[in-house]
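Biologist: Got a minute to walk me through this model? I'd like to go through the rings, the sheet and the surface.

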Amino acid sequence: MGMKTKIALGAVVGIAVIGAMSANSGDGDGDGKSDGRTSASAGEKSGDGAKADGGKADGASDAKPAEDKAVEKASQAEQFKAFVQKNGSPNEKDAVSHVTKVQGADEQNDILDAADVYTDFTGGIMGEGTGPAKLIASAFADWKDSENGLVTIYDAEGELLGNGQF
């Protein structure tokens, strides 16, 4: 092989190695938080009464009550609908029954919070969903509170229906 070929091949191998290392280095969010994943060897070496799977060796459980697990496992849309069923007006309950998906409601920083609510309405801003969109935004403001939050309501095709502050 010629000298140029060896250099090019070395560069390609180097880039591949760097790419593989960066892909295996974690989720890359850079905030330094631990996501709770541990290797089996780390759990075996700890010797503090913990099993490798994170459970206690003495049979004690760190399990939360069943109702807390149910709330955590429910999607944001299900949590929102449950809140409105419990606390909303009849008109809000009817409007929120059309909600199919909620995004961005779980983590807030009170600086610029944005949440998206998707519905099964059709027709965009000129369709039937603009009135209920205001009710959905109002109910969302009752459910979540932020110093600077904006909730946007979309129809089934992803077109804007309305928005409101929360």
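Biologist: Phe140 and Phe166, are they buried or exposed?

Modeller: Phe140 is buried, and Phe166 is buried too. Keep in mind that this is a predicted model.

Biologist: How do the rings of Phe140 and Phe166 sit relative to each other?

Modeller: Phe140 and Phe166 make an edge-to-face aromatic pair, with 5.0 Å from centre to centre and 85° between the planes. That pair links distant parts of the chain, since Phe140 is in helix α6 and Phe166 is in the segment after β4 (160-165), 26 residues apart.

Biologist: How many aromatic pairs are there in the whole structure?

Modeller: A search of the whole structure gives five aromatic pairs. One of them is Phe140 with Trp143: the ring centres are 5.5 Å apart and the planes are at 80°, so this pair counts as edge-to-face.

Biologist: And how far apart along helix α6 are Phe140 and Trp143?

Modeller: They're three residues apart in α6, which means about one helical turn separates Phe140 from Trp143. Both Phe140 and Trp143 are buried.

Biologist: Which residues end up in the ring cluster?

Modeller: Ring pairs tie Phe80, Phe140, Trp143 and Phe166 together into a cluster.

Biologist: Staying with Trp143, how far is Asn87 from Trp143 in space?

Modeller: The C-alpha to C-alpha distance is 9.1 Å, while in sequence Asn87 and Trp143 are 56 residues apart. Asn87 is in helix α4, residues 76-87.

Biologist: Why does Asn87 count as partly exposed?

Modeller: Because its relative accessibility is 46%, and partly exposed covers the range between under 20%, which is buried, and over 50%, which is exposed.

Biologist: Let's zoom out. What's the order of helices and strands along the sequence?

Modeller: The chain reads α-α-α-α-α-β-β-α-β-β. In total that comes to six helices and four strands. Of the 166 residues in the chain, 22% are buried.

Biologist: Now the sheet. Which way do β1 and β2 run relative to each other, parallel or antiparallel?

Modeller: Strand β1 (residues 99-103) and β2 run antiparallel, joined by four bridges. Val102 has Val117 in β2 as its bridge partner.

Biologist: And how does β2 pair with β3?

Modeller: β2 pairs with strand β3 (residues 149-154) in the parallel sense, over six bridges. There, Tyr118 has Tyr154 in β3 as its bridge partner. β2, α6 and β3 also make up a β-α-β unit, and that unit is right-handed.

Biologist: Which residues of β2 are on the covered face?

Modeller: Asp113, Ala115, Val117 and Thr119 are on the covered face of β2, and Ala114, Asp116 and Tyr118 are on the uncovered one. In a regular strand, side chains alternate between the two faces of the sheet.

Biologist: What about β3 and β4, how many bridges do they have?

Modeller: Five bridges, and β3 and β4 pair in the antiparallel sense. Leu150 is opposite Gln165 in β4. The two strands, β3 and β4, form a hairpin with five residues between them, and Gly158 in the turn has a positive phi of about 85°.

Biologist: Last topic, the surface. Which residues make the nonpolar patch?

Modeller: Ile125, Met126 and Leu160 make it, and the patch is about 350 Å².

Biologist: Where is Ile125 found?

Modeller: Ile125 is in the loop between β2 (113-119) and α6 (130-143).

Key. Residues are numbered from 1 along each chain as its sequence is written. This is a predicted model: local features need pLDDT of at least 70, side-chain atom pairs count only at pLDDT 80 or more; totals for chains, interfaces and linings use all residues. Side-chain values use heavy atoms; hydrogens and water are left out. Patches are made of residues with over 30% relative accessible area and no salt bridge: like charges are joined within 9 Å, nonpolar side chains (Val, Leu, Ile, Met, Phe, Trp, Tyr) within 5 Å. Accessible areas come from the Shrake-Rupley method with a 1.4 Å probe; for residues, only the protein chains shown count as cover. A salt bridge is a side-chain nitrogen of Lys or Arg within 4 Å of a carboxyl oxygen of Asp or Glu. Buried means under 20% relative accessible area, exposed over 50%, partly exposed in between (1.4 Å probe, protein chains only). Two strands pair if DSSP finds at least two bridges between them. A crossover is right-handed if, with the strands pointing away from the viewer, the path from the first strand over the helix to the second runs clockwise. Rings of Phe, Tyr and Trp (its six-membered ring) pair if their centres lie within 6.5 Å; planes under 30 degrees apart count as stacked, over 60 as edge-to-face and the rest as tilted.
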